[in-house]
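Colleague: Could you take me through this model and tell me what stands behind each term you use? I would like to see the cut-offs too.

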Amino acid sequence: MIRRKTSSQDPPPGLPAALAAVDAAAPTITEQAPKVDRTATFPEESISALRSARLLSAAAPREHGGHGFTTAELTEVAFRLGALCGSTAMIWAMHQIQLACLTAGAGHEPRLAGYLATAAREQHLIASVTSEEGVGGSLRTSRAALRPAPGGVRLTKRAPTVSYGEAADSLLVTARREESAHAGDQVLVLVLAEQARLRSAGGWDTLGMRGTCSGPQLLTAEVPAWQVLPRPFGEIAATRMVPLSHVLWAAVWCGIAEDALRRSVRYVQARLRGKDGAPNPRLGWMYARQRTMLDAVRQFAARYDREPRAPGLTVHANALKMQVSRDAVGVAQLALEVCGMAGYSETGEFSVARQLRDLLSARLMISNDRLNEANSELVAFGDLV
Ligand SMILES: Cc1cc2nc3c(=O)[nH]c(=O)nc-3n(C[C@H](O)[C@H](O)[C@H](O)COP(=O)(O)OP(=O)(O)OC[C@H]3O[C@@H](n4cnc5c(N)ncnc54)[C@H](O)[C@@H]3O)c2cc1C
């Protein structure tokens, strides 16, 4: 992968500087977005622009050279990126989630802390391999298991969906602790790109989120034992992966919906220019939905920063994801109705086709059915209401 030089001497920027850096990269990202979507290719130039602005270390702790951003701050960046390119934003968000999981799971292992510092300094991109053939999106279940190897452990995993796996500098992979472990006794393993053999097991020619390049992979790897994170995956998932994924994904989806809303406003303004008439009444409902959705995302982020171990956090995170994954599509559908054929077109300033297609992935990204089943049980028996 070609890297542009970044200076690791500069202190990482705070949120206003990070948002300004996103704005500075916006022309590149928006120009690349339709091409990346059309060709289903990794948004190399957009990610390079974020890397040059050192935005790939946003979630890494300050003591390891990262920005040490709070969830609320990460949410703002994800939202801003989502309005530019759904795939780029989702790649950025998924990577930040991996950084945060690595931080949470590293325990007192100095070599994992050392890797975090390397990742921040060199602006590594980290991919996630949790889904698995025969397991689907059941995060807390693995078939693959670690096996002893001369230099540590070895693992083989058939993963149906691995975003930007081939462009990543490392991967975080879930697996059973050992062959005799039950499906839920999982660990998270850091695999560096040079330790991984990825064999593409199919293409990625999907309805939306085409630039995430999330095709199936057969992964084989051998790593030293210290690269198995000491903290059980169940704890990392409950306290970090699930809440952070759901709020950052939701922020990206809100960003995409915001883009659709802005396009609708511009369309209505263009139609009304110089003519009498009333604005399309759908705009009011779109704004109401968008505002409520964004407030809910920001509120969750602030709550999670304040009380990272609050009771009921999982049910709240699941609920946020389920609701935003549908409401964001609702906003984009209304945008389609506002913009008419100009919205239905794949090109042009009023097109909302890519936004709508990208947003339709939201309900599948950990299936809403799975989350609803878990939440229905928690609501019925969890003393929540
Ligand atoms: C854009 C995108 C990027 C992704 N990137 C990654 C990645 O980088 N790494 C990764 O590991 N994964 C990734 N995923 C995978 C994702 O997070 C899910 O794990 C995966 O989409 C689930 O696959 P599935 O729908 O085939 O399987 P399942 O979750 O098994 O769902 C299949 C079907 O079964 C139904 N179903 C499942 N459980 C229940 C239930 N309890 N009750 C009723 N019906 C149920 C669902 O509704 C669905 O119709 C990505 C997905 C998307 C869309």
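**Helix pairs, sheets and the ligand shell**

Modeller: Gladly. Helix H3 (residues 71-82) packs with helix H4 (residues 86-105) at an angle of about 160°, the axes being 8 Å apart. This is a predicted model, in which local features need pLDDT of at least 70 and side-chain atom pairs count only at pLDDT 80 or more, while totals for chains, interfaces and linings use all residues. Residues are numbered from 1 along each chain as its sequence is written.

Colleague: What makes H3 and H4 roughly antiparallel?

Modeller: Angles over 145 degrees count as roughly antiparallel, under 35 as roughly parallel, 65 to 115 as roughly perpendicular, and the rest as oblique. The angle here is about 160°, and H3 and H4 are therefore roughly antiparallel to each other. Axes are lines fitted to C-alpha atoms, for helices over the stretch in contact, and angles run from 0 to 180 degrees between N-to-C directions.

Colleague: How do you describe H6 and H8, and why?

Modeller: The axes of helix H6 (residues 233-272) and helix H8 (residues 313-339) come within 9 Å and cross at roughly 15°. H6 and H8 are therefore roughly parallel to each other. The residues of their contact divide into 24 nonpolar, 5 polar and 2 charged. Ala, Val, Leu, Ile, Met, Phe, Trp, Tyr, Cys and Pro count as nonpolar, Asp, Glu, Lys and Arg as charged, and the others, Gly among them, as polar.

Colleague: Why are H8 and H11 called oblique?

Modeller: H8 and H11 pack at an angle of about 140°, with axes 10 Å apart. That angle falls in none of the named ranges, so H8 and H11 are oblique to each other.

Colleague: Which hand do these crossings have?

Modeller: H6 passes H8 in a left-handed crossing, and H8 passes H11 in a left-handed crossing as well. H3 passes H4 in a right-handed one. A crossing is left-handed if the near helix is turned anticlockwise from the far one by less than a right angle, and right-handed if clockwise.

Colleague: On to the sheets. What makes E2 and E6 edge strands?

Modeller: The open sheet of 4 strands has the order E2-E3-E7-E6, with antiparallel pairing. Strand E2 (147-149) and strand E6 (196-200) each have a single partner strand, so one side of each is left without a neighbour in the sheet. The twist averages 20° from one strand to the next.

Colleague: How do you know that E3 and E7 pair?

Modeller: Two strands pair if DSSP finds at least two bridges between them. Strand E3 (residues 152-159) and strand E7 (residues 217-223) have 7 bridges, in the antiparallel sense. The bridge partner of Arg158 in E7 is Leu218. Strands (E, at least two residues) and helices (H or I, at least four) are DSSP runs, numbered from the N terminus.

Colleague: What is the strand order in the sheet of 3 strands?

Modeller: This open sheet runs E1-E4-E5, with mixed pairing. Strand E4 (residues 170-176) is joined to E5 by 7 bridges and runs antiparallel to it. Val173 stands opposite Val189 in E5.

Colleague: Finally, which residues are closest to the ligand?

Modeller: The closest are Ser131, Gly136, Gly137, Ser163 and Asp369, and 23 residues surround the ligand. A residue is near a molecule if its C-beta atom, placed from the backbone, lies within 6 Å of it. By class, the shell has 9 nonpolar, 11 polar and 3 charged residues.
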